[in-house]
Amino acid sequence: MTEQSVLAEVRNGVGHLTLNRPAGLNALSLEMVRSLRQQLDAWHNDPAVRLVVLRANGEKAFCAGGDIRGLYDSFKAGDGMYVTFFEEEYAMDQVLHGYTKPVLALMDGFVLGGGMGLAQAASHRVVTERVKMGMPETGIGYFPDVGGSYFLSRLEGAIGQYLGVTGSHVRAADALYCGLADHCISSDLVTELDQALNSQSWSDDPAGDLDQLLRKRASQKLPGSEIKALRSAIDRHFSHPDMLRIRASLSSEDCPAYQDWAERTLATIDSKSPLAMNVTLELLRRGRELDLADCFALELHLDRQWFAKGDIMEGVRALIVDKDKTPRWSPPTLAEVTAEQVAAFFAGFTAHSTDERRQA
């Protein structure tokens with residue numbers, strides 16, 4: 001394990017995994033993914049470890065995603081590491097989803113992309129009042145991955161489409177309302193929670209013990225959820241099957257309560273990759289009908305094509321490498337994205353039932 005990027009410690013039967021790249025907003029590298037997987041596998045069979053806590057050093061971010069610049073450089077170099085990264089990251093996320101011991105994701109600051117993959121796989125998802133969660137991939141010409149096709153597509157109404165297409169960040173109250181978090185604990189109480197974890201006498205039901213610790217400290221003084229207030233408009237606009245119709249619907253918003261939000265959302269949409277947004281809608285539509293393993297398999301199917309045929313290389317160039325902030329999307333407009341272009345990315349993918357996978 002690399003001490004610099006992932007720290008591991010067991011205290012009082014609790015395995016603490018700490019992301020330790022605060023200067024890089026704890027963005028995940030392949031090395032970090034492998035370190036996390038190695039420790040999770042070891043603790044899975046260790047009776048001395050009753051539960052696992054995922055956390056991060058630094059106040060700015062739990063995890064702001066994957067190391068996108070490293071993936072960009074890998075594709076440019078032709079070394080194949082970028083595909084290996086996705087294969088191993090998704091496999092590690094699936095291990096977390098199926099982990100037989102409780103996993104507490106303790107989130108503070110930014111929780112984006114790959115950070116959401118870790119958090120949404122946890123059995124106990126805890127945010128502080130400082131959290132900012134989201135799947136911002138379409139802004140760099142990519143699509144919501146790390147299981148996003150599974151957890152976004154299962155949110156109520158059209159919330160998943162809205163968050164997936166626009167990449168909007170949500171705060172603590174929204175995360176609770178949407179079902180992306182289970183508890184909010186004040187950042188002032190995190191140290192006290194640590195002390196409780198250090199002194200807890202664990203029963204035969206550590207998940208129940210953890211539930212009690214969290215409920216006792218959960219905040220009751222959160223502001224109202226903005227997404228709840230916008231819910232009827234979100235469902236009305238983002239239930240349309242393609243981006244052209246979503247955009248037209250937003251443009252026709254005539255309710256004074258929603259007009260400002262609709263205008264801001266239109267500006268957001270107009271800055272994102274038209275191709276990535278349409279592929280995201282199709283990904284979420286298909287993800288609704290797939291089990292978790294097939295959702296990850298479908299995302300990987302897209303990954304293997306996307307760096308050569310999608311918009312991610314241009315998005316990373318414009319926003320991270322050259323920083324001119326003027327990506328030249330291809331196609332450049334929503335009107336120029338065809339259904340055939342979108343369908344081509346999904347061609348050749350076959351979902352496998354759970355029984356078929358077991359037999360294989």
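Visitor: Which residues does UniProt list for the domain "Enoyl-CoA hydratase/isomerase"?

Guide: The unreviewed UniProt entry gives residues 14-346 for this domain. UniProt positions follow the numbering used here, feature names are shortened, and annotations may be inferred rather than shown by experiment. The model is predicted, so local features need pLDDT of at least 70 and side-chain atom pairs count only at pLDDT 80 or more, while totals for chains, interfaces and linings use all residues. Residues are numbered from 1 along each chain as its sequence is written, and side-chain values use heavy atoms, with hydrogens and water left out.

Visitor: What makes up the chain over residues 14-346?

Guide: That stretch is 53% helix and 10% strand, and its end C-alpha atoms lie 42 Å apart. Helices (H or I, at least four residues) and strands (E, at least two) are DSSP runs, numbered from the N terminus.

Visitor: Why is the pair of Asp194 and Arg11 called a salt bridge?

Guide: The term asks for a side-chain nitrogen of Lys or Arg within 4 Å of a carboxyl oxygen of Asp or Glu. For Asp194 and Arg11 the closest N and O atoms are 3.8 Å apart, so the pair qualifies. Asp194 sits in helix H8 (residues 190-199) and Arg11 in strand E1 (residues 6-11), which puts these partners 183 residues apart in the chain. In general, side chains of opposite charge can pair when their charged atoms come close. A search of the whole structure finds 21 salt bridges.

Visitor: How do you know whether Asp194 is buried or exposed?

Guide: Buried means under 20% relative accessible area, exposed means over 50%, and partly exposed lies in between (1.4 Å probe, protein chains only). Asp194 has 15% relative accessibility, so Asp194 counts as buried. Its partner Arg11 has 24%, so Arg11 counts as partly exposed.

Visitor: What makes Arg247 and Asp270 a pair that ties parts of the chain together?

Guide: Arg247 lies in helix H11 (residues 243-251) and Asp270 in helix H12 (residues 256-271), so the pair ties together parts 23 residues apart in sequence. Their N to O distance of 2.8 Å fits the salt bridge term. Arg247, at 26%, is partly exposed, and so is Asp270, at 45%.

Visitor: Why are Glu282 and Arg286 about one helical turn apart?

Guide: Both belong to helix H13 (residues 274-287), and they are separated by about one turn because they are 4 residues apart there. Their closest N and O atoms are 2.7 Å apart, and the two form a salt bridge. Glu282 is buried at 17%, whereas Arg286 is partly exposed at 28%. Elsewhere, Glu9, Arg11, Arg55 and Asp194 are joined into one network by salt bridges that share partners.

Visitor: How do you know which residues Gly310 touches?

Guide: Contact means heavy atoms within 4.5 Å. Leaving out residues up to four places away in sequence, Gly310 touches Leu275, Gln305 and Phe345. Gly310 is found in the loop between helix H14 (292-309) and helix H15 (312-321), and its 17% relative accessibility makes Gly310 buried. Gly141 is 169 residues away from Gly310 in sequence, yet their C-alpha atoms are 7.1 Å apart.

Visitor: What makes strands E4 and E8 edge strands?

Guide: The open sheet of 3 strands runs in the order E4-E6-E8, with parallel pairing. Strand E4 (61-63) and strand E8 (132-134) each pair on one side only, and they form the edges.

Visitor: How do you know that E4 pairs with E6?

Guide: Two strands pair if DSSP finds at least two bridges between them. E4 and strand E6 (residues 110-112) run parallel and are joined by 2 bridges, so they meet that rule. Cys63 has Val111 in E6 as its bridge partner.
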